[in-house]
Amino acid sequence: MSAFHLAKRIAPLLFAVCTTACTSARRTPTPSRPTSGSAGVTATGCGSGTRSKARVGRVALTFTGAASGTAIVRIEGVTTKSVVEVDIATGTMLELAEGEYQLRISAAGVRSAARTINVTCGKESTERVSLTRG
């Protein structure tokens with residue numbers, strides 16, 4: 001896939017994340033690999049009395065059952081609809097506005113998977129998706 005087509009597919013997600021999480025991203029470095037747990041995760045706008053409207057949480061998306069390849073992750077929420085390509089071997093870290101999202105995951109040679117996730121402001125969670133050959 002060309003760089004142009006990849007950029008076109010992920011631009012809506014990047015825009016949504018940047019417009020709601022730029023302040024948070026400066027304070028919370030993105031790990032090189034997805035991690036679990038909530039130690040050290042803070043996001044601007046989560047406490048009472050803050051002026052920022054950014055209410056962001058993080059979800060580490062990891063895969064089991066397939067060692068390599070690319071997965072297509074469709075993210076749908078109340079105000080967000082995005083498509084992201086993810087390396088199956090490394091997974092990814094998603095920063096999303098607080099709320100409920102439906103994830104639809106597909107990859108060549110595996111059955112599609114679907115998940116509903118809840119993102120909580122200032123929290124980090126891990127979503128493990130089992131990819132079944134089929």
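# Exercises on salt bridges and burial

The protein has an accessible surface of about 7900 Å², and carbon and sulfur atoms make up 52% of that area. The model is predicted.

## Exercise 1: The overall layout

Task: State how many helices and strands the protein has, and the order in which they run.

Solution.
- Step 1. Count the elements: there is one helix, along with seven strands.
- Step 2. Read from the N terminus: the order is α-β-β-β-β-β-β-β.
- Step 3. Turn to burial: 35% of the 134 residues count as buried.
- Step 4. Turn to contacts: among those with a separation of 6 or more, 60% are between residues 24 or more positions apart.

## Exercise 2: A bridge between two loops

Task: Find which residue forms a salt bridge with Arg-55, and decide whether Arg-55 is buried, partly exposed or exposed.

Solution.
- Step 1. Search the whole structure: five salt bridges are found.
- Step 2. Take the one at Arg-55: its side chain meets that of Glu-98, with 2.9 Å from N to O.
- Step 3. Locate the partners: Arg-55 is in the loop between α1 (3-27) and β1 (56-64), while Glu-98 is in the loop between β4 (92-97) and β5 (99-107), so the bridge ties together parts 43 residues apart in sequence.
- Step 4. Apply the cut-offs: partly exposed lies between 20% and 50% relative accessible area. Arg-55, at 33% relative accessibility, is therefore partly exposed. Glu-98 has 34% and is partly exposed.

## Exercise 3: A network around Arg-58

Task: Determine which residues are joined with Arg-58 into one network by salt bridges that share partners.

Solution.
- Step 1. Recall the principle: side chains of opposite charge can pair when their charged atoms come close.
- Step 2. Take one bridge: Arg-58 pairs with Glu-95, and their closest N and O atoms are 3.8 Å apart.
- Step 3. Place this pair: Arg-58 belongs to strand β1 and Glu-95 to strand β4, so parts 37 residues apart in sequence are tied together.
- Step 4. Take another bridge: the side chains of Arg-58 and Glu-124 meet at 3.8 Å, N to O.
- Step 5. Place this pair too: Glu-124 lies in strand β7 (residues 124-130) and Arg-58 in strand β1, so the bridge ties together parts 66 residues apart in sequence.
- Step 6. Join the results: Arg-58, Glu-95 and Glu-124 form one network through salt bridges that share partners.
- Step 7. Check burial, for which the cut-off is under 20% relative accessible area. Arg-58 has 5% and is buried. Glu-124, at 11% relative accessibility, counts as buried. Glu-95 is buried as well.

Conventions. Residues are numbered from 1 along each chain as its sequence is written. This is a predicted model: local features need pLDDT of at least 70, side-chain atom pairs count only at pLDDT 80 or more; totals for chains, interfaces and linings use all residues. Side-chain values use heavy atoms; hydrogens and water are left out. A salt bridge is a side-chain nitrogen of Lys or Arg within 4 Å of a carboxyl oxygen of Asp or Glu. Helices (H or I, at least four residues) and strands (E, at least two) are DSSP runs, numbered from the N terminus. Buried means under 20% relative accessible area, exposed over 50%, partly exposed in between (1.4 Å probe, protein chains only). Contact means heavy atoms within 4.5 Å. Accessible areas come from the Shrake-Rupley method with a 1.4 Å probe; for residues, only the protein chains shown count as cover.
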